[in-house]
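Let's take a walk through this protein, one piece at a time. Have the model open as you read, and look up each residue as we get to it.

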Amino acid sequence: MRFATRMLVVQVATQVAVVAVCTAVFAWLGVQQLKAEADSSALNIARSVAESPEVRDLVTQYSADPGTPDATGLRDGVLQEYAADVTARTDGLFVVITDDHGIRLAHPDPDRLGQVVSTSFADALAGREVVTWEVGTLGESARAKVPVYPPAGGAPVGEVSVGFERASVFDDLPALVAGIAVAVLLAVAIGALVALLMRRRLERLTLGVQPEELAALVQTQTAVLESADEGVLALDDAGVVRVCTAAAERLLGTTDAVGRPLAALALPPAVVTALAGAGASTGLPIGDRVVFIDVRPVRRGSRTLGRVAVLRDRTDVAALSGRLDSVRAMGDALRVQRHENANRLHAAVGLLDAGRTDEARAFLADLVDRGSVDWAVPGIDLVGDAMLQSFLGAKALAARERGVALRVSDDTYLRGTVDDVEDVVAVLGNLVDNAVTATASGPEPREVEIAVLGDGDAIVLTVSDTGEGIADVDAVFTPRERDDDPAAVHGLGIGLPLSREFARRRGGDVWIVEPGGDGRGAVVAARLPGVLRGENP
């Protein structure tokens, strides 16, 4: 049996039990009330009869006579007629009047006149009123016994006994029981209807899933969600967070998100907009992380339950992509170097084949002095690392195609060898690309100057340009979607934030030395510790 069905059965059974107990109590109280009313009526009637002057006089006379009253005389006597009249008017079972010896002076059955009553009359003669249920010659009845006092006062001289038969006492019981039965049926029907509505409400809230299944779902959800690297955040239709895993809280930089509206989590507006919508994955900056947010609506049948966002930390992937771009650029530089070197060697071989030995010797000597490739980058000889020379040479070729001249500052001094070249070229390449883009859209002259300095095991880079400068210094380190807009420079893409992250992971940093503006270009610097070996000042 389903849990909801069991709950319905238990609720209905409980209601029936409660109503049954209440019914029994009310029925018992009703019977007691009817009995009390009968007792009260009998007592009041008996008192009225006993207080009648005529009854008091006649009973006193009969009690004073030492003989037994004549039954024939009693049959047509005043007391018999008076008792019969009261009995008829009150719908009672009997009105019996006795003397001080318990002899019947009035009785519904004339044949019993002059005989002693079948029940005790001692209490009445003792001056006590008695209300009780007894069985007499006329059957069981609710009866009241009241003493009859003489007109002049003194001890009781007889008693008046008034009784109502059991059937007449409970004449109203069927109507009472019928009323209770109607109330019982109505109460049970209302209770069953409420229980049924509660069951339907429960199944709507739980989407038809039973509580025992909910426990398994919670266990499975906890095991699956908390074991995944991705963060999961679930929102209901009202925008209130219903599920937020530890990974999601870590990526969002928030705590105690469950039960709070999305707008109250103090998230960046772009993140709130992404979580409130539904569509393809979106890469957004949250703190120092690049997080891809994938939002999907959740439905069950035709009912929309809300939406679920999967948050993936793609900072390392983006960083790796930047490193791969730098490695690709170095590979292109090496290919250019190999091609240029092969051309020079072919030229030397051609001079030797032509017998122009002196010219070949001079050509090779010049090749040894200048290197295998003439990068045509002023000051590049100041960079002692061959890999950085090749990288800067390749960047210079790319910048030249955009009408920007790349040169190395006279302040450059690097005699060591770069070990972790990926991080260095990733940061340097981003700074150079931003500077070239800023310069290419600016006025003449279009130049980018690079300074490379060794500082122990650290390398310090500065890149200056002749562009329009940086309008918003704070915005350059805010990650955004990568685009091809020429205005998206100096970190308006995702480059500078990642470059800063690369540097800070090593204990270094990337910062703006001079934002420029008013005809002056910007100057950006970076420091990367632990990437250099060899002799450096």
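Start with helix α13, whose 16 residues should span 22 Å at 1.5 Å a residue; its end C-alpha atoms are 23 Å apart, which agrees. The expected span here is 1.5 Å times one less than the number of residues in the helix. Helices (H or I, at least four residues) and strands (E, at least two) are DSSP runs, numbered from the N terminus. Before going on, keep in mind that this is a predicted model: local features need pLDDT of at least 70, side-chain atom pairs count only at pLDDT 80 or more, and totals for chains, interfaces and linings use all residues. Residues are numbered from 1 along each chain as its sequence is written, and side-chain values use heavy atoms, with hydrogens and water left out.

At the N-terminal end of α13, Asp 385 acts as a cap, with a side-chain oxygen 2.9 Å from the backbone nitrogen of Leu 388. Just past the helix, Gly 403 has a positive phi of about 80°. In between, the buried residues of α13 include Leu 388, Phe 391, Leu 392 and Lys 395. Buried means under 20% relative accessible area, exposed means over 50%, and partly exposed is in between (1.4 Å probe, protein chains only).

Leu 388 is worth a longer look. Setting aside residues up to four places away in sequence, Leu 388 touches Val 383, Leu 414, Val 418, Val 424, Val 425, Leu 428 and Ile 459; contact means heavy atoms within 4.5 Å. Which residues touch the most other members of the largest nonpolar core? They are Leu 388, Leu 428, Ile 450, Ile 459 and Val 510, in a core of 43 residues. A nonpolar core is a set of buried Ala, Val, Leu, Ile, Met, Phe, Trp, Tyr and Cys residues joined through side-chain atoms within 4.5 Å. Among the elements giving two or more residues to this core are α13, α14 (421-440), β13 (447-455) and β14 (458-465). The most comes from α14, with 10 residues. Apart from this core lies another, of 25 residues, including Ile 45 and Leu 113.

Now move to α10, residues 269-276, where Val 271, Ala 274 and Leu 275 are the buried residues. Seen down the axis of α10, they fall within an arc of 95°, so they line one face of the helix. That arc is taken over the directions from the helix axis to the C-beta atoms. On the other side of α10, Pro 269 and Thr 273 are exposed.

Helix α1 (residues 3-51) is the place to find Asp 39. Asp 39 is buried, with a relative accessible area of 18%. Leaving aside neighbours within four places in sequence, Asp 39 is in contact with Val 131, Trp 133 and Ala 142.

Two loops hold backbone details. Most residues other than glycine have a negative phi, and most peptide bonds are trans. Asp 256, in the loop between α9 (246-252) and α10, has a positive phi near 50°. At 60% relative accessibility, Asp 256 counts as exposed. A cis peptide bond joins Glu 444 and Pro 445, with omega about -10°, and Pro 445 sits in the loop between α14 and β13.

Finally, step back to the protein as a whole. There are 15 helices and 17 strands, and buried residues make up 39% of its 537 residues.

Definitions and conventions: Polar contact = N/O pair within 3.5 Å; in protein donor to acceptor, adjacent residues only side chain to side chain.
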